[in-house]
Amino acid sequence: MAHYGILTSGGDCPGLNAVIRGTVLQGETVHGQTFAGYRDGYRGLVYGDAIPLQRSAVRGISQQGGTILGTSRFGPYSESDGGTESIERQMDRLGIDGVIAIGGDGTMAAANRLLEDGIPVVGVPKTIDNDLEATDYTFGFNTAVEIATEAADRLRTTGNSHKRCMVLEVMGRHAGWIALHAGMAAGAHAILIPEAPESLVQICAWVTSVRDRGRAPMVMVAEGFTLPDMEEAHSHRGLDEFDRPLLGGVAEVLAPLITERTGIETRTTVLGYIQRGGVPSAWDRVLGTRFGQAASDLVADGEWGRMVALRGTDVVRVPLSDAVGHTKKVPLDHYRGARALFG
Ligand code: F6P
């Protein structure tokens, strides 16, 4: 009986557990497969740290946020213990015939390298940022947008009562999908994303025109947004353990500038990890389940080196390499459509 290892890697994301459950149920029911779950992403693969994942282990988990397997940003080649030889040895020891890697661009890049080194692996795309090129949508994005929209709706209460400008910062390192969708849903008066630099003069003009109509301005900003005179996205917390800047806080840069130039009292909220946590939306549970089922079908067909993806309403198979090295940015005409209503 074929036995496969499942791992979740990179930032946690609502819907990961639905993928795990979808894979295990499809595998057991349709293909007669069995599974092990690697703990903490690629760390589990390298050290052979895995738990049995049978049907009873995934019961009722679709509605849970996070990942029952744990996750990390550990790379399969980053430690001296890593690399193909030790991974193959551990796979043999555990009787694993192939690996299902669930993660974002970093995870897919590592999976692609493992594939080139002869490890049988398939991918399932995940990120709340929705910035993976090879798929129309990733699970987790819908939940993050719902949470950010609700946060903006709630902030408007204070904005309207105190006649303040409220700035809400959401995630989005390279792409502003969450800001764009949540901003549109909440009727934000300005949406600022990494793909589209806006001048302070323009931002303040939108804020002022809202105030002049007697309304409280709401500005939605993605963490990766830069003003024209900023060389990089705002990061005041240094680097993470993988040398990526710890973003967050651009709202706090903007707020005093808005107050200074418009005279409007401005307050900020950085949504942070709240938008990644908790119960996944129904949409993300469905997409996660469909992706999980499709991953089980992929390995049943021995289509190593492929990733499942959503194209329109269909779940399709694409080469893993399609997901690597390309960020799916918000198209500028898409942004311009929303921008026409700012202010
Ligand atoms: O990749 C998703 C993301 O949410 C980014 O938008 C954000 O910059 C990053 O994760 C932060 O995650 P962590 O602090 O867990 O590395």
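Trainee: What makes this the pocket where the ligand sits?

Mentor: The ligand sits in the largest pocket. A molecule sits in a pocket if more than half of its atoms lie within 2 Å of its grid points. A pocket is an open set of points on a 1 Å grid over the protein atoms alone, where a 1.4 Å probe fits, with protein on both sides within 12 Å along at least five of seven lines. This is a predicted model: local features need pLDDT of at least 70, side-chain atom pairs count only at pLDDT 80 or more, and totals for chains, interfaces and linings use all residues. Residues are numbered from 1 along each chain as its sequence is written, and side-chain values use heavy atoms, without hydrogens and water.

Trainee: Which residues surround the ligand?

Mentor: Arg73, Ile128, Asp129, Met171, Gly172, Arg173, Glu223, Arg244, Tyr273 and Arg276. Each is near the ligand because one of its heavy atoms lies within 4 Å of it.

Trainee: Why is the pair of Tyr273 and the ligand called a polar contact?

Mentor: An N or O atom in the Tyr273 side chain is 2.4 Å from a ligand oxygen. A polar contact is a pair of N or O atoms within 3.5 Å, so this pair qualifies. Glu223 has a polar side-chain atom 2.7 Å from a ligand oxygen. For Arg276, the distance to a ligand oxygen is 2.8 Å.

Trainee: Which domains does the shell around the ligand draw on?

Mentor: At least three residues come from each of domain 1 (3–139 + 280–323) and domain 2 (141–277). These bounds come from an automatic or database domain assignment.

Technical notes:
A polar contact is a pair of N or O atoms within 3.5 Å; within protein, one must be able to donate a hydrogen and the other to accept it, and residues adjacent in sequence count only if both atoms are side-chain atoms. On a 1 Å grid over the protein atoms alone, a cavity is a set of points where a 1.4 Å probe fits but cannot get out, and a pocket is an open set with protein on both sides within 12 Å along at least five of seven lines; lining residues have an atom within 4 Å of a point.
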